[in-house]
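Please open the model in your viewer and keep the selection panel at hand. The tour proceeds by selections, each followed by a description of what is found there.

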Amino acid sequence: MQHRHNDRNQYFSELAYTSEKYFMPYIAGHMNLGRQLDILEIGCGDGGNLLPFAKSGHRVTGIDISANRIKDAISFFQKESASGRFICSDIFEMKCDKRFDIVICHDVIEHIADKQKLLSRISELMKPEGMAFMGFPAWQMPFGGHQQICHNKYISKMPFIHLLPAAIYRFILRIGNEKDNCISELLTIKKYGISIEQFEKTVISSGLRIIERSLYFINPHYEIKFRLKPRLLPKSLSGLYYLRNYFSTSCFYLLQR
């Protein structure tokens with residue numbers, strides 16, 4: 001497991017850096033961020049993605065199913081003298097009459113069983129002229145199974161291991177002395193992982209439309225994590241159905257109704 005997964009302060013700061021440098025400009029290409037907006041993040045975790053939006057004067061709300069992550073988010077925002085509202089709830093059970101200009105859902109959809117239900121819920125929470133920013137790793141990419149969260153230093157660095165049959169994958173995780181909760185999480189991600197083609201098909205069936213798409217060969221977040229310069233997937237690969245999933249470490253989308 002990488003140190004940043006245990007050091008929540010570092011993790012929070014790294015997310016805030018990537019959000020400010022890459023998420024905000026990406027969204028700003030289609031929406032004016034110079035006015036005060038209502039912004040919701042689904043699966044906000046510690047709230048790092050929302051910090052630069054809050055510091056820019058926007059009204060931010062974060063929702064996460066983990067009480068510990070929400071507690072951390074409140075604490076980190078207080079330390080940063082930033083204003084934000086954080087709710088511990090399942091997004092499908094949360095009652096909310098408010099609608100948002102921007103809904104952020106980054107590195108979340110690959111953990112959700114009913115992806116169409118999630119996209120439909122996002123649509124419900126958007127204002128008529130609102131926008132959703134979605135981001136996820138293509139399932140077949142080298143670390144699309146999130147195996148980097150493993151405590152075993154060798155298994156955490158094994159690319160494509162998540163593509164093995166579930167029984168073999170589970171066996172390797174067990175001989176690597178991974179804890180039951182980690183194994184369960186990784187097998188759930190294996191079950192629910194999503195490809196580019198599956199995502200785009202689900203977007204259409206949910207009544208949404210894609211207004212922007214960027215497939216990254218080097219994930220923008222790798223800049224702060226590994227000092228690697230982000231790079232888009234070459235056009236020669238981005239148009240190759242299915243094969244492109246093996247090279248897309250992050251997929252950015254902007255959606256509207």
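A residue counts as buried when its relative accessible area is under 20%, as exposed when it is over 50%, and as partly exposed in between. The model on display is predicted.

**First stop: D101 and K127**

Select D101. Because its relative accessibility is 4%, D101 counts as buried. Now add K127 to the selection: the two side chains form a salt bridge, with N and O 3.3 Å apart. This contact links distant parts of the chain, since D101 belongs to strand 4 (residues 100-106) and K127 to strand 5 (residues 126-136), 26 residues apart. Extend the selection to D38, R59 and K98; together with D101 and K127, these residues form one network, joined by salt bridges that share partners.

**Second stop: R8 and D46**

The structure holds 13 salt bridges in total. Another of them is found by selecting R8 and D46, whose side chains meet with an N to O distance of 2.7 Å. R8 lies in helix 1 (residues 8-28), whereas D46 lies in the loop between strand 1 (38-42) and helix 2 (51-55); the pair is 38 residues apart and links distant parts of the chain. Colour D46 by accessibility: at 2% relative accessibility, D46 counts as buried.

**Third stop: R69 and D72**

Move to helix 3 (residues 67-79) and select R69 and D72, which are three residues apart there and therefore separated by about one helical turn. Their closest N and O atoms are 2.8 Å apart, in a salt bridge. Is R69 buried or partly exposed? With a relative accessibility of 23%, R69 counts as partly exposed.

**Fourth stop: strand 8**

Select residues 250-256, which make up strand 8. Seven of the seven residues are buried, so the strand is largely enclosed by the rest of the structure. Display the side chains: S250, F252, L254 and Q256 point one way, while C251, Y253 and L255 point the other way.

**Fifth stop: the partners of strand 8**

Which way does strand 5 run relative to strand 8? The two strands run antiparallel and are joined by five bridges. To find a position along this pairing, select F136, which stands opposite C251 of strand 8.

Next, select strand 6 (residues 209-218). Seven bridges join strand 6 to strand 8, and these strands also run antiparallel. Here, S214 stands opposite F252 of strand 8.

Definitions and conventions:
Residues are numbered from 1 along each chain as its sequence is written. This is a predicted model: local features need pLDDT of at least 70, side-chain atom pairs count only at pLDDT 80 or more; totals for chains, interfaces and linings use all residues. Side-chain values use heavy atoms; hydrogens and water are left out. A salt bridge is a side-chain nitrogen of Lys or Arg within 4 Å of a carboxyl oxygen of Asp or Glu. Helices (H or I, at least four residues) and strands (E, at least two) are DSSP runs, numbered from the N terminus. Buried means under 20% relative accessible area, exposed over 50%, partly exposed in between (1.4 Å probe, protein chains only). Two strands pair if DSSP finds at least two bridges between them.
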